Amino acid sequence: MFTNIGFPGLILILIIALVIFGPKKLPEIGKAAGNTLREFKNSARELTSDVTDEVKETKEIVNGKENK
């Protein structure tokens, strides 16, 4: 979707955002976007680790029953 934007397109988007939101709001919007991405990344990592833990526990149970 955004693979064809390129550097000039990003500059244009930044200029439009600067005009729309103004120089005082832009850092706040950037900070909020960064926090949102960080939370999403942490949630995805936590979900992945939960699934990985469940798979490990299941393998241990299966291997334990096979060894008996």
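Is Asp50 buried, partly exposed or exposed? Asp50 counts as partly exposed, at 40% relative accessibility. Keep in mind that this is a predicted model.

Let's place that residue. Asp50 sits in helix H2, which covers residues 26–67. Asp50 also belongs to a negative surface patch. The other members are Glu46, Asp53, Glu54, Glu57 and Glu60. Why can Asp50 be in a patch at all? Patch residues need over 30% relative accessible area and no salt bridge. Asp50 clears the area cut-off because its value is 40%.

Now, salt bridges. How many are there by the rule used here? The count is one. Glu28 and Lys25 form it through their side chains, at 3.6 Å from N to O. Both partners are partly exposed: Glu28 has a relative accessible area of 48%, and Lys25 comes in at 46%. Those areas are over 30%, but patches take residues with no salt bridge, so this pair is left out of them.

Next, the nonpolar side. Which residues make the nonpolar surface patch? Leu12, Ile16, Ile20, Phe21 and Ile29 do, and the patch spans about 480 Å². Helix H1, residues 6–21, gives the largest share, with four residues. Phe21 lies in that helix, H1. At 45% relative accessibility, Phe21 is partly exposed.

To recap. A negative patch includes Asp50. One salt bridge is counted, and it joins Glu28 and Lys25. A nonpolar patch of about 480 Å² includes Phe21.

Definitions and conventions
Residues are numbered from 1 along each chain as its sequence is written. This is a predicted model: local features need pLDDT of at least 70, side-chain atom pairs count only at pLDDT 80 or more; totals for chains, interfaces and linings use all residues. Side-chain values use heavy atoms; hydrogens and water are left out. Patches are made of residues with over 30% relative accessible area and no salt bridge: like charges are joined within 9 Å, nonpolar side chains (Val, Leu, Ile, Met, Phe, Trp, Tyr) within 5 Å. Accessible areas come from the Shrake-Rupley method with a 1.4 Å probe; for residues, only the protein chains shown count as cover. A salt bridge is a side-chain nitrogen of Lys or Arg within 4 Å of a carboxyl oxygen of Asp or Glu. Lys and Arg count as positive and Asp and Glu as negative; His and the chain ends are not counted. The place of a charge is taken as NZ of Lys, CZ of Arg, CG of Asp or CD of Glu. Helices (H or I, at least four residues) and strands (E, at least two) are DSSP runs, numbered from the N terminus. Buried means under 20% relative accessible area, exposed over 50%, partly exposed in between (1.4 Å probe, protein chains only).
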